[in-house]
Structures are given as structure tokens and as C-alpha cells.
Amino acid sequence: MNLEIEGKAAIITGASAGIGFAVAEELLANGARVLIVARDKGRLADAAPKLASKVDSRSNDVVALAADVSGPEAAGMIVDHAIKAFGGIDILVNNAGRAHAGGLMASAEEDWQEMTAVKLTSMRRLCKAAIPHMQKAKWGRIVNMSSIGGIYPNPKLFVSHVLSGAINNLTKSLALEVAKDGILVNAIGIGAVATDNWANNMVPAVRRSRPEFAKLSDDDIIARISAECTPVGRAGSAREIAAIAAFLSSGRNGFVTGDTIEASGGADRFM
Ligand SMILES: NC(=O)c1ccc[n+]([C@@H]2O[C@H](COP(=O)([O-])OP(=O)(O)OC[C@H]3O[C@@H](n4cnc5c(N)ncnc54)[C@H](OP(=O)(O)O)[C@@H]3O)[C@@H](O)[C@H]2O)c1
């Protein structure tokens with residue numbers, strides 16, 4: 001299927017690794033130009049040439065910007081950078097973030113503040129900064145990375161899932177506001193996907209609650225938990241999520257908006 005995004009300008013946050021990197025790869029392979037954003041300059045410096053090497057005659061179509069999306073000035077800076085590099089913004093993929101394992105009583109005030117800033121506030125600010133450029137072009141696509149917990153809350157991931165619910169609500173409300181401008185806004189309710197995020201933020205909590213896993217490697221724990229919780233019997237891959245994000249970001253999507261697509265292998269929990 002031709003996604004009809006040749007030459008489109010995309011911002012993808014959290015694109016130096018995991019799902020964001022796979023989304024950048026997919027959009028680039030379909031002819032889009034990508035601005036990839038993440039905090040760690042070293043990882044970005046590795047990711048950008050890796051992406052560019054896949055489209056060698058179009059290496060200028062990959063631009064990297066080191067930024068923390070949770071900063072108050074970040075959205076303006078990211079959008080300005082995309083406009084300078086590409087002259088417009090057609091696609092915004094709000095992907096930066098991580099999981100926070102634990103219930104309300106185990107979460108600290110700082111956890112809430114940090115997670116809200118990274119996942120929700122940055123999303124609101126980036127949408128607000130990018131939409132005027134999409135309105136000018138009368139075309140735009142926004143994809144917000146949410147989690148299956150926004151639909152089926154799990155108290156083992158209280159903060160993440162409250163924010164996922166808010167992301168789904170933001171997505172629906174914004175979709176209704178900008179539908180008349182040719183802008184489609186959707187979310188993906190992600191289930192267990194094997195990335196660094198899982199290893200760094202979920203596996204330690206699983207190890208605490210499941211002492212019988214003490215001798216297993218992180219990869220084995222992810223495989224065991226995913227098999228237990230996911231009807232398809234395994235964790236998803238970043239590439240599987242990227243395929244959905246690419247369709248939602250594309251010209252071939254003309255009629256899906258305000259939706260949260262469940263991409264969880266049939267699961268309603270991942271822990
Ligand atoms: N994997 C899953 O099972 C799963 C499930 C549900 C939802 N999700 C959501 O999907 C998204 C992608 O997750 P992933 O699993 O691909 O994570 P990942 O492999 O850990 O990658 C996260 C990416 O986001 C960047 N990032 C993190 N915080 C950032 C910040 N404040 N500003 C800018 N960039 C930031 C990271 O780079 P730096 O650290 O260098 O900034 C990295 O590029 C996240 O929002 C996550 O909550 C994932």
C-alpha cells in the first residue's frame with residue numbers, strides 16, 4: 001500500500017530508540033522527512049545516521065534535535081526546528097515517555113509531576129504549537145502513544161494508566177476540534193512491547209513481586225509475563241506498533257479520527 005506521505009514533514013518525539021525509532025524508520029521508508037527528538041545526544045547521534053543509511057540519497061530527510069519534551073520551552077523549539085528544516089509540519093507523533101510501575105500509594109509527588117510533564121503536558125503543548133502549521137496546509141495527522149491501561153486501568157501502573165486515560169480523552173476532544181481543518185488525531189493503546197522501556201521500568205517491579213523469577217534474565221521475564229497476559233502469547237514488537245502509527249499518519253487514513261486503536265495482542269493488561 002502506498003501511504004501517500006512522500007515529502008511530508010514529520011516530528012517524532014522519543015525517536016532515538018524503541019517504538020519512536022521504528023516509527024521514524026517506517027515514515028522515512030515511505031518518503032516522509034523526519035525530525036527525531038530525544039534527550040540523550042549520544043543515542044540520537046547513533047540513531048540519525050542509522051536512519052539516513054536506509055535512504056541514502058535522502059540523508060537530508062533525517063534531522064535530529066536533542067530536547068527534553070517536558071521542558072516549558074520544548075514544544076516551541078521543536079516546532080521551530082521542524083519549520084526551519086522542512087518548511088512545514090504535516091505529521092506529529094507524540095511518543096516520548098516511559099512507564100511508571102506501582103500503585104497510587106507507592107508513587108511519590110515527583111513521579112506524578114515528572115510523568116505528567118513528559119506524557120501529557122508535552123503532548124498538549126506540541127499539538128498546540130504544531131496545529132497552526134497543519135491548519136495552514138489544511139492537512140495534518142497526529143498520533144499520540146497511549147497504553148492499553150487508558151482503557152483497562154491496572155492499579156499496578158496507576159500513574160501511567162491515569163495519564164493514558166487522559167491522553168485518550170485529549171485525542172478524542174482534539175480530533176473533534178480540528179476535524180474541519182483536515183487534521184486527524186488518533187492514539188494507540190499499546191500493550192506489552194519489548195523495548196528498553198520494559199526492561200528499565202517494568203522488569204524491576206516484576207522482579208519485586210515475583211521472587212520465583214529471580215534467576216531469569218530480563219528478556220526471559222518479558223517473555224514469561226507477556227505470554228501470561230497476552231492472548232497472542234508474546235510481547236509485541238516496535239515494528240508492529242510503527243505500522244499502525246504509519247497508517248494513522250498517512251494519506252491513506254482519511255476516515256479514522258478521535259480513536260484509540262488497541263494494539264495489545266488482545267490483552268487488557270500487561271503485568
Ligand atoms: N513498550 C511498551 O510496552 C509500552 C506500552 C505502553 C505505552 N508505551 C509508550 O510508548 C512510548 C514509547 O515507548 P518505548 O517502549 O519505545 O520506550 P523506549 O524504548 O524507552 O524509548 C523511549 C524514547 O523516548 C525518549 N524520551 C524519553 N523521555 C523523553 C523526554 N522527556 N524528552 C524527549 N525524549 C524522551 C528516549 O530517549 P532519551 O531517554 O534519550 O530521551 C527514547 O528515544 C512511551 O510513551 C511509552 O510510555 C510503551
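In this predicted model, helix α6 supplies the largest share of the shell around the ligand, three residues. Helix α6 spans residues 196-209. Other elements also take part. Those giving two or more residues to the shell include α1 (18-29), α4 (109-137) and β5 (140-147). The shell also draws on two domains. Domain 1 (9-191 + 245-262) and domain 2 (192-235) each provide at least three residues.

In total, 30 residues surround the ligand. Of these, Ser16, Arg39, Asn95, Lys119 and Thr195 come nearest. The shell is chemically mixed. It holds 13 nonpolar residues, 10 polar residues and seven charged residues.

Backbone atoms also meet the ligand. A polar backbone atom of Ile19 lies 2.8 Å from a ligand oxygen atom. For Gly14, the distance from a polar backbone atom to an oxygen atom of the ligand is 3.4 Å. Asn197 likewise places a backbone N or O atom 3.4 Å from an oxygen atom of the ligand. Each of these pairs is a polar contact, because the N or O atoms lie within 3.5 Å.

The protein covers much of the ligand surface. Taken alone, the ligand exposes 890 Å², and the protein buries 93% of that area. The ligand takes up the space of the largest pocket.

Note on methods
Residues are numbered from 1 along each chain as its sequence is written. This is a predicted model: local features need pLDDT of at least 70, side-chain atom pairs count only at pLDDT 80 or more; totals for chains, interfaces and linings use all residues. Side-chain values use heavy atoms; hydrogens and water are left out. A residue is near a molecule or strand if one of its heavy atoms lies within 4 Å of it. A polar contact is a pair of N or O atoms within 3.5 Å; within protein, one must be able to donate a hydrogen and the other to accept it, and residues adjacent in sequence count only if both atoms are side-chain atoms. Accessible areas come from the Shrake-Rupley method with a 1.4 Å probe; for residues, only the protein chains shown count as cover. On a 1 Å grid over the protein atoms alone, a cavity is a set of points where a 1.4 Å probe fits but cannot get out, and a pocket is an open set with protein on both sides within 12 Å along at least five of seven lines; lining residues have an atom within 4 Å of a point. A molecule sits in a cavity or pocket if more than half of its atoms lie within 2 Å of its grid points. Helices (H or I, at least four residues) and strands (E, at least two) are DSSP runs, numbered from the N terminus. Ala, Val, Leu, Ile, Met, Phe, Trp, Tyr, Cys and Pro count as nonpolar, Asp, Glu, Lys and Arg as charged, and the others, Gly among them, as polar. Domain bounds come from an automatic or database domain assignment.
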